[in-house]
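Student: Can we go through this one together? I'd like each label tied back to its cut-off.

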Amino acid sequence: MVMVAHCQTPLVTEKIKFNIKPINKYIVHRSSTKVKKEILLIPSKAVSLSTIKIYRNNPIWSLNVKTKSKTHTLKQKRDRYEMHKYWGKKPSSNLKHLIEKYSETGDTVFDPFSGYGVFCCEAFILNRNIISNDLNPIANFLNHQLLNKEINIPLLERQWEKIKLEFEPFNKQWFRWQLEGNPVQLISILRNKKNVPIKAKYKQQGDKKAKEIHLSPEKVNEYLAYEKEFEINDWYPTNKLIPNSRISAKEGMTIADLFTKRTLACHARLLKLINKHATGKEKELLKVAFTANLANCSKLVPPIKSRGDMAPGAWMTGFYIGPTYLENNVLKYFENRLNKVIKGKKDYLNQFGNKGELNFNPISYNNTFTILQDDAKSLSIESETVDYIFTDPPYGDAVPYFEQSIIWNSWLKFSTNYKEEIVISDSKKREKNKVTFEEDMNIAFTEIRRVLKPNKYFSLTYHSLSGLEWKAITNACIKNGFELLDFQWLVQKTFTPRQLNRLKSIKGDVLVTFQKGHLPQKLTVKSDFEVATIFINKIKYWLEKQELDTNEIFLRIMKMVFSEKIIVGKVDLLKLLVENFTFSEKQKWVLHDELTV
Ligand SMILES: C[S@@+](CC[C@H](N)C(=O)[O-])C[C@H]1O[C@@H](n2cnc3c(N)ncnc32)[C@H](O)[C@@H]1O
């Protein structure tokens, strides 16, 4: 990047200017002896000046502003991607770079498993025509709200004011409370598994900081009295969860069971008022905030115990209700959510006015977006019409997207095609297992091949690098004639030997790019034992020459698998490494006997 400083005096403190975000380590070269030193640049309050101490008896050091490794950091904090918690969003900065590398302005790019739509959004901003596709209706709904440019934020704010005027008194009845004769506003209540209130967090008029109080039996009765008497007449969903012990969805459990009567009543009324007072695209955006807030005000929010009984936690996945949970004030939390949604939308709209943080192309935009809700196994796209495909395929058994999205789909009355989801589910009712996952992935990749133009590129991310997902995706790529072109780690993980022994899989975030080639004439199908033996022998051969870290070994194995078109079976590469080699303190793999020296 930029050559910055030369220093000739001993023990100098020199101010150096640089123009990239100084979060990384840099290498300092001593030109006479070629010695390299690693230094950490510490930014002085985010301005572009930093002080570096260059050490004693120092002839000429020159500073190469060069990051230590090519690893990209996984920072995903663009406001436009913070509007909703749909799982599995990819870091947008990496995607921008990919889109520019593998496609041109005006090209058609496609994501067959688009989720929230980070890739398509970045491509749309970069003036590509985009097609996003996801079979999950909530994903498409969010993607649509993300990409839509015809939104009037002041109108949305006016619509919200109307809703709030009617909703506030309703919400207040539930979250109003008297303390020593004075009215206070409840922020949250800590309740136990039997729904008994234990503690309250509240603010009195004029208070800046919220206070916490243990609830006496009288206060508990007072709190429960309103709840007992009230009858909910507004509509709310009563859909049953699909039983799945892995995500704590029990037989007979309904969506309503995930809420207290209080949060259920408030959400039901809020949705009714959104439908009554809001219209058009603005109404849809209010529904984004509404769904984003649902889990936050459900029984699924445990306190973060290490920070205190009432420290607010957040819903991540599953329907586990802990020994205690926080019952949060729906209006207060909804307003926070709505602010995030508005901030996200403004961030998105700014990208087209060349005022945004990244100053994307200030050109005139006439590109289009299309959102499909196809099963990726049978796409309604014409053959050989797409210039570039990126995708982040389903995560095997890690996230049962549809089963969990029921908390959002049910409130918006979206119906879900569970039958065609590509997933591995522990739910006995679903018959979604390792075998169907691999078969489905293969069919989807055949479709990807069909719609992609000849010789064009296809990038994907691996979520996990061992086990089922790795096997299913790798085999689908090989069978469908994709040639390995590039392999890049989004997060460089290092593990201690102890961690490695405990790990079941390497959590990836590896970005792989392929080129559409010819369908393979011959595949090398070997037994699991044969494949494992080939891998072990190859790794031994490499390690005799040099120590390698886990990532380097994975890359070499991938190259071999693709060049020899080996169909991998139930081989867990990580397990092979742990069982057959030694992981040294230098975080490298070595042959067993080398360590004993
Ligand atoms: C890992 S996520 C993608 C997340 C995405 N990268 C984002 O930015 O949010 C995989 C997606 O595949 C979708 N999916 C699962 N089965 C599908 C199918 N048969 N057809 C299309 N999409 C499917 C899921 O709904 C999920 O959104």
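Tutor: Sure, we'll take the strands, the helix, the cavities and the ligand in turn. This is a predicted model, where local features need pLDDT of at least 70, side-chain atom pairs count only at pLDDT 80 or more, and totals for chains, interfaces and linings use all residues. Residues are numbered from 1 along each chain as its sequence is written, and side-chain values use heavy atoms, with hydrogens and water left out.

Student: What makes strand 9 and strand 10 a pair?

Tutor: Two strands pair if DSSP finds at least two bridges between them. Strand 9 (residues 176-179) and strand 10 (residues 182-192) have four bridges and run antiparallel, so by that rule they pair. One of the partnerships is Arg176 with Gln185 in strand 10. By the way, strands here are DSSP runs of E, at least two residues long, while helices are runs of H or I of at least four, both numbered from the N terminus.

Student: What lies between strand 9 and strand 10?

Tutor: Two residues, and the strands form a hairpin. Glu180 in the turn has a positive phi of about 45°. Strand 9 also has a covered face, Trp177 and Leu179, and an uncovered one, Arg176 and Gln178.

Student: Why is helix 2 called largely enclosed?

Tutor: Buried means under 20% relative accessible area, exposed over 50%, and partly exposed in between, with a 1.4 Å probe and protein chains only. Eight of the eight residues of helix 2 are buried, so the rest of the structure largely encloses it. Among them are Val118, Phe119, Glu122 and Ile125. After the helix comes Asn127, with a positive phi near 65°.

Student: How do you know that strand 15 is mostly covered?

Tutor: Six of the six residues of strand 15 (residues 386-391) are buried. Strand 15 pairs in the parallel sense with strand 7 (residues 108-111) over two bridges, and Val109 stands opposite Tyr388. Five bridges join strand 15 to strand 16 (residues 452-464), also parallel, with Val386 partnered by Leu452.

Student: What makes a space a cavity?

Tutor: On a 1 Å grid over the protein atoms alone, it's a set of points where a 1.4 Å probe fits but cannot get out; lining residues have an atom within 4 Å of a point. Points are joined across faces, edges and corners, and the volume is the space filled by probe spheres set on them. The whole structure has five cavities of 30 Å³ or more. The largest has a volume of about 360 Å³, and the second largest about 70 Å³.

Student: Which residues lie nearest the centre of the largest cavity?

Tutor: Phe113, Ser114, Gly115, Asp134 and Asp392, out of 31 lining residues. Helix 2 (118-125) and helix 9 (401-409) each supply at least two residues of that lining. The second largest cavity is lined by residues including His84, Lys85, Trp315 and Trp408.

Student: How do you know that Glu420 makes a polar contact with the ligand?

Tutor: A polar contact is a pair of N or O atoms within 3.5 Å; within protein, one must be able to donate a hydrogen and the other to accept it, and residues adjacent in sequence count only if both atoms are side-chain atoms. A polar backbone atom of Glu420 is 2.9 Å from a nitrogen atom of the ligand, so the pair meets the cut-off. Likewise, a ligand nitrogen is 3.3 Å from a backbone N or O atom of Leu135 and one is 3.4 Å from a polar backbone atom of Gly88.

Methods: On a 1 Å grid over the protein atoms alone, a cavity is a set of points where a 1.4 Å probe fits but cannot get out, and a pocket is an open set with protein on both sides within 12 Å along at least five of seven lines; lining residues have an atom within 4 Å of a point.
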